[in-house]
Amino acid sequence: MTKAKSTVPVRVIEETSAYWRVLFDYPPFNIVDATIFEGLQDLLGRMDASPSLCAVVFESANPEFYLSHFDLTGKTGNIMTAVGASGLPILMDTFVRLTKSPVVSIAKIRGCVRGVSSEFVLACDMRFASRENTRLGQPEVGVGLHPGGGGTERLPLLVGRGRALEIVLGANDFDGDTAARYGYVNRALPDADLDGFVDALARRIASFDRRAIAAAKNLINQVSLPSADGLLDAFTSFGTALTWPEAQQRIQVLLDRGLQREVDFETRWPAALDTLLET
């Protein structure tokens, strides 16, 4: 049964002035659409206006879906066209500002995290995944598209060229252990240990001086981030790919099969991509 949508899809829990938890709560699947980006943009404004904030942990109210994927029904508002504070389109602006913020961002991952949702966690500073309950991937090529929110730029820097090609061209899910072995996430932990580990790390970081945290993060950013031009090229190419008839055909078949409607299909759909057009 589909539940009513939450009125607060991106909810902030202020554990201390230096440490916040951010909860994605957008039933039924935490689909990434204009509403999620509006919530993230508001959050970035609050982060910018909070001089004592040092660490933010992003998690989900739904253990089966962290952030599922880009809304393929078109409810994306102006995130592809309007420009954000960084001078980039809202989608890219959100991720770039998060990465470059002096505040440390940690993704605590349970459930499905695919496509633009994977690109969101890649934009976070650190990623920790449930060993038993993670489905992480970039399935866009199997939908007739390609990643456009930083996946093709950030993944090779983390996992290397060959594994980035496996992730992107294979278009399938990765479990927590494999993602950790590849460097896609920092580490995978037993689900029962995930909350305690991430909370302890975030509180430890938040106990340090913000100026030292921000300076260290900035120095690491200088040698580890893709260029804004590269990110924008991929984003522009993705916008073009959305108009390709092959992509439109595959997207429609996925929606007809139950994507964004049926829990079972929403959970497992990347496994069906190589046989999607068979009759």
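**Exercise 1. Decide whether the two faces of β3 are buried or exposed, and identify the residues on each face.**

Solution. On one side of β3 stand A55, V57 and E59, on the other V56, F58 and S60, and these residues are all buried, so that both faces are covered. Here buried means under 20% relative accessible area, exposed means over 50%, and partly exposed lies in between, with a 1.4 Å probe and protein chains only. The strand spans residues 55-60, and 6 of its 6 residues are buried. Strands (E, at least two residues) and helices (H or I, at least four) are DSSP runs numbered from the N terminus.

The model is predicted: local features need pLDDT of at least 70 and side-chain atom pairs count only at pLDDT 80 or more, while totals for chains, interfaces and linings use all residues. Residues are numbered from 1 along each chain as its sequence is written, and side-chain values use heavy atoms, with hydrogens and water left out.

**Exercise 2. Establish which strands pair with β3, and in what sense.**

Solution. Begin with β2 (residues 19-24), which pairs with β3 in the parallel sense over 6 bridges; two strands count as paired if DSSP finds at least two bridges between them. Within this pairing, R21 has V57 as its bridge partner. Next take β5 (residues 104-114), which pairs with β3 in the parallel sense over 4 bridges. In this second pairing V56 is partnered by S105, and V57 stands opposite I106. Finally, follow the connection from β2 to β3: together with helix α1 (residues 34-48), these strands make a right-handed β-α-β unit, where right-handed means that, with the strands pointing away from the viewer, the path from the first strand over the helix to the second runs clockwise.

**Exercise 3. Describe the surroundings of β5 and explain why it is largely enclosed.**

Solution. The burial count settles the explanation: 11 of the 11 residues of β5 are buried, so the strand is largely enclosed by the rest of the structure. Besides β3, strand β4 (residues 65-67) runs parallel to β5 and is joined to it by 2 bridges, with C112 in β5 as the bridge partner of F65. The chain passes from β4 through helix α2 (residues 90-100) to β5 in a right-handed β-α-β crossover. Strand β6 (residues 126-137) pairs with β5 in the parallel sense over 8 bridges, and I109 stands opposite A129 in this pairing. A right-handed β-α-β unit is also formed by β5, α3 and β6.

**Exercise 4. Find which residues touch the most other members of the largest nonpolar core, and trace the contacts of M47.**

Solution. A nonpolar core is a set of buried Ala, Val, Leu, Ile, Met, Phe, Trp, Tyr and Cys residues joined through side-chain atoms within 4.5 Å. The largest has 67 residues, of which M47, F58, Y66, L91 and F120 touch the most other members. Leaving aside residues up to four places away in sequence, M47 touches W20, L53, V56, L98, S101 and V103, a contact being heavy atoms within 4.5 Å. Apart from the largest core lies another, of 16 residues, which include Y19, V57, L194 and A202.

**Exercise 5. Locate the largest cavity and the largest pocket through the residues that line them.**

Solution. The search uses a 1 Å grid over the protein atoms alone: a cavity is a set of points where a 1.4 Å probe fits but cannot get out, a pocket is an open set with protein on both sides within 12 Å along at least five of seven lines, and lining residues have an atom within 4 Å of a point. Grid points are joined across faces, edges and corners, and a volume is the space filled by probe spheres set on the points.

By this rule there are 2 cavities of 30 Å³ or more, and the largest holds about 200 Å³ of space. It is lined by 18 residues, with F70, G115, V116, E140 and F238 nearest its centre; α3 (116-123) and α9 (228-241) each supply at least two residues of this lining.

The largest pocket has a volume of about 510 Å³. Among its 23 lining residues, D125, M126, I220, N221 and S224 are the closest to its centre. Helix α8 gives the most to this lining, with 7 residues, while α3, β6, α4 and α8 each supply at least two.
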